[in-house]
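Please open the structure in your viewer and keep the selection tool at hand. We will go from stop to stop, and at each one you will be told what to select and what to look for.

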Amino acid sequence: MTISTEQAQWYAQTFATVADNVEQVILGKRHVIELVLATQLSGGHVLLEDVPGTGKTALARALARSQSGSASRLQFTPDLLPGDVTGITVYDQKQGEFEFHPGPIFANVVLADEINRASPKTQSALLEVMEEGNVTVDGVTRPAASPFLVIATQNPVEQAGTYRLPEAQLDRFMVKTSIGYPDDAATMRILQGVPEGRREAAPVLAPDQMTSMIQMGLTVHVSPLVSDYVIRLVDATRRATEVRLGVSVRGAIALSRLAMTWAAAHGRTYVTPDDVRDLAIPALSHRIILEPEAEFDGVGAADVIGQVLLDVPPPAENGQA
């Protein structure tokens, strides 16, 4: 069953309402807010590679409050243990039984700050919950919150004492983006609001409405021509001379799924090639591994995806076929 025009219009209005609400806290970053919200509604997770002080924690908190959900923050350090992420089982002497103490991963929006500072063992604690939506501790599997979003951050400047995220873990993130510094006008508004204290977003949506939007996004129509376009883009990354490892099948699925949400967020019942083009760089660039010679020449992953978008012609149809 395909989403109706009326449902798509409601979806777009609700999406805009949440984005407007978050933008009251994160000024001048509308596109990033919409991208992160679309990722959550697509069942994915976000990797933010950004410098300190750009509002990553505020974004996670505002997004959670907007949907009447819970937010938690995990500061990743070299001595962080997997149990600090997932929670632990403790023996209760009064009750004479083991009791589970849930970790910060059991929240609707989880900010994993400086994820590349933790050891690979601790990083792997996130993999199951990011992929399956479940947490297994001492052989017992527990569901994560619903809706659920991990916003992981890493510092692109300071690399001392960090562990590079492996390709398999990078592939678990639906998009990679950055908030970046605000422009002069937004900075002025931020400074003028300093005497008032920290802004907090107001709840504008119930969690069950978010769940409905997630399910509704799955019914957006994707024509075979658009699916073929995604396939050709992904295949082109694997054949590019600058690339050692191209985009995986998971990457193609992520791009297609994100484009469905993006279409609904703009009030359409079908995905267009422009949706795919708009989302290709944030959804695909972190999934490719470049040849050392290309990196030495200053070629970036986003440059490769940009060239692929130029080389691969989009379908002539608008996506309704």
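The tour below visits a helix, three loops and a pair of helices, in a model that is predicted.

**A helix and the residue after it**

Begin by selecting helix α2, which covers residues 30-41. At 1.5 Å a residue, its twelve residues should span 16 Å, and the end C-alpha atoms are indeed 16 Å apart, so the expected and the computed values agree. Is α2 largely enclosed by the rest of the structure, or largely open? Ten of its twelve residues are buried, and α2 is therefore largely enclosed by the rest of the structure. To see this, colour the buried residues of α2, among them V32, I33, L35 and V36, and also the charged residue E34. Then move on to G43, which follows α2 and has a positive phi, near 75°.

**Three loops**

Most residues other than glycine have a negative phi, and most peptide bonds are trans. With this in mind, the next three selections are worth a careful look.

Select S68, which you will find in the loop between α3 (56-66) and β2 (71-75). Although S68 is a residue other than glycine, its phi is positive, near 55°. Its relative accessibility is 40%, and because buried means under 20% and exposed means over 50%, S68 counts as partly exposed.

Next select D138, in the loop between β6 (134-137) and β7. D138 is not a glycine either, yet it has a positive phi of about 55°. With a relative accessible area of 63%, which lies over the 50% cut-off, D138 is exposed.

Continue to the loop between β7 (140-143) and β8 (149-154), where P147 is found. Show the peptide bond that joins S146 and P147, and you will see that it is cis, with an omega of about -5°.

**Two helices that cross**

For the last stop, select helix α12 (residues 273-284) together with helix α14 (residues 301-311), whose axes come within 9 Å and cross at roughly 150°. Because angles over 145 degrees count as roughly antiparallel, α12 and α14 are described as roughly antiparallel to each other. The crossing in which α12 passes α14 is right-handed. Which residues make the contact? Show R277, A280, I281 and L284 on α12, and then A302, I305 and L309 on α14, since these are the residues that make it. Sorted by type, the residues of this contact are six nonpolar and one charged, with no polar residue.

Conventions
Residues are numbered from 1 along each chain as its sequence is written. This is a predicted model: local features need pLDDT of at least 70, side-chain atom pairs count only at pLDDT 80 or more; totals for chains, interfaces and linings use all residues. Side-chain values use heavy atoms; hydrogens and water are left out. Axes are lines fitted to C-alpha atoms, for helices over the stretch in contact, and angles run from 0 to 180 degrees between N-to-C directions. Helices (H or I, at least four residues) and strands (E, at least two) are DSSP runs, numbered from the N terminus. Angles under 35 degrees count as roughly parallel, over 145 as roughly antiparallel, 65 to 115 as roughly perpendicular and the rest as oblique. A crossing is left-handed if the near helix is turned anticlockwise from the far one by less than a right angle, and right-handed if clockwise. Contact means heavy atoms within 4.5 Å. The expected span of a helix is 1.5 Å times one less than its number of residues. Buried means under 20% relative accessible area, exposed over 50%, partly exposed in between (1.4 Å probe, protein chains only).
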